[in-house]
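This report describes the strand pairing, nonpolar cores, aromatic contacts and salt bridges of one protein chain. The sequence and the structure are shown first.

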Amino acid sequence: MSPLKPAMEKPVTWLAPGEDFPPVSQAWGASAPAPGLLAAGGALDVDSLRRAYQNGIFPWFSNGQPILWWSTDPRMVLQTAHFRLHRSLRKVIAKFQDSASCEIRFDSAFAEVIRACSSSPRPGQSGTWIVEDMVQAYQALHQSGAAHSVETWIDGELVGGLYCVALGQAVFGESMFTRVPDASKIALAALVSFCRVHGIPLIDCQQNTSHLASLGAREIPRAAFCAQVAVNAAKPSPVWQFEPVYWNALTAQPPDSA
């Protein structure tokens, strides 16, 4: 869904580059034209993005709009302990594990992943929020070590994946893409496995979608989310590398009945 063009019934804070973000409590509420809108302007540099995510804020805008900053309440998150491993996905992962031509890679093709996400068609959408400025910004964030790609490879070909922001042990999911059935779900399952191994309790999902809800994501109050981000971001960052043994952290759980 493309960001709503903000109506101006309520003043929006306009930021100069490098200026501090306002408190998230000032974000537009549920009855506003654009719930969660906090500020506009500023910059998409690495420092601004780090400060935003540390405070439960993320950028989201379309071509022709200024940079828009959001902090939604409630916040959609996936508690990694509550990931729903449906029987069908368990079978897909088992087949993936058993094939020598299939592998999960981290950060081997970040630029390709984010561009694939930006160009993937979405039901009900006519465009993308991953505009060129966002692509460039998150590639810079990746170079700084704070953004990562989780990639599904088959026969030496990138067939799906996702990218995320990670500060310490606070992980923020951004977008997924798939070129073959279930490739993005495999990547998400791999990320959940990695998080479980390293004691990372949740993945931010930002927006409430039925797809994420079917996999176990739920809404929590923004205040609770921001409190968890503050704690998790202060913890040491894991080494972002996937090992096949990490699948055990996921597949050892009882399968969901669906």
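In this predicted model, strands β7 and β8 form a hairpin with two residues between them. Asp155, in the turn, has a positive phi of about 55°. The two strands, β7 (residues 147–154) and β8 (residues 157–167), pair in the antiparallel sense over eight bridges. Within this pairing, Thr152 has Gly160 of β8 as its bridge partner.

Strand β7 also pairs with β6 (residues 102–106), again in the antiparallel sense, over five bridges. Here Glu103 is matched with Trp153 of β7. Strand β7 is mostly covered, with seven of its eight residues buried.

**Nonpolar cores**

In soluble globular proteins, nonpolar side chains tend to be buried together. The largest nonpolar core of this model has 54 residues, and those with the most contacts inside it are Trp69, Tyr138 and Tyr163. A second, separate core of 36 residues includes Ile93, Phe96, Val150 and Val171. Tyr163 touches residues beyond four places away in sequence, among them Phe110, Val113, Ile114, Trp129, Tyr138 and His148.

**Aromatic pairs**

The structure holds 14 aromatic pairs. In one of them, the ring centres of Phe21 and Trp69 are 4.8 Å apart and the planes stand at 70°; the angle is over 60 degrees, so the pair is edge-to-face. Phe21 lies in the loop between β1 (13–15) and β2 (37–41), while Trp69 belongs to strand β4 (residues 68–70), so this pair ties together parts that are 48 residues apart in sequence. Both Phe21 and Trp69 are buried.

A further pair is made by Phe106 and Phe242, whose ring centres lie 5.8 Å apart with planes at 50°, so the pair is tilted. Phe106 is in strand β6 and Phe242 in the loop between α7 (222–233) and α8 (248–251), 136 residues apart. Phe106 has a relative accessible area of 11% and is therefore buried; Phe242, at 10%, also counts as buried. Phe106 and Phe242 belong to one aromatic cluster together with Phe96, Phe194, Trp240, Tyr246 and Trp247.

**Charged side chains**

Side chains of opposite charge can pair when their charged atoms come close. The structure holds seven salt bridges, including those listed below.

| Salt bridge | Closest N to O distance |
|---|---|
| Asp47 and Arg51 | 3.0 Å |
| Arg105 and Glu103 | 2.8 Å |
| Arg179 and Glu112 | 3.4 Å |

Asp47 and Arg51 both lie in helix α1 (residues 46–54), four residues apart, which is about one turn of the helix. Asp47 is partly exposed, at 47% relative accessible area, whereas Arg51 is buried, at 16%. Salt bridges that share partners join Asp20, Asp47 and Arg51 into one network.

Arg105 takes part in two kinds of interaction: a salt bridge with Glu103, and a position over the face of Trp153, at 3.8 Å from the ring centre. Trp153 is also the bridge partner of Glu103 in β7. Arg105 is partly exposed, with a relative accessible area of 26%, and Glu103 is partly exposed at 36%.

Arg179 lies in the loop between β9 (170–178) and α5 (183–197), and Glu112 in helix α3 (residues 110–119), so their salt bridge ties together parts that are 67 residues apart in sequence. Arg179 is partly exposed, at 45% relative accessible area, and Glu112 is partly exposed, at 37%.

Key: Residues numbered from 1 in each chain as written. Predicted model: local features only at pLDDT ≥ 70, side-chain atom pairs only at ≥ 80, totals over all residues. Heavy atoms only, no water. Core = buried A, V, L, I, M, F, W, Y, C linked by side-chain atoms within 4.5 Å. Buried < 20%, exposed > 50% of the residue type's maximum accessible area, 1.4 Å probe, protein only. Contact = heavy atoms within 4.5 Å. Pairing = 2+ DSSP bridges. Phe/Tyr/Trp six-rings, centres within 6.5 Å; stacked < 30°, edge-to-face > 60°. Lys NZ or Arg CZ within 6 Å of the ring centre and 35° of its normal. Salt bridge = Lys/Arg side-chain N within 4 Å of Asp/Glu carboxyl O.
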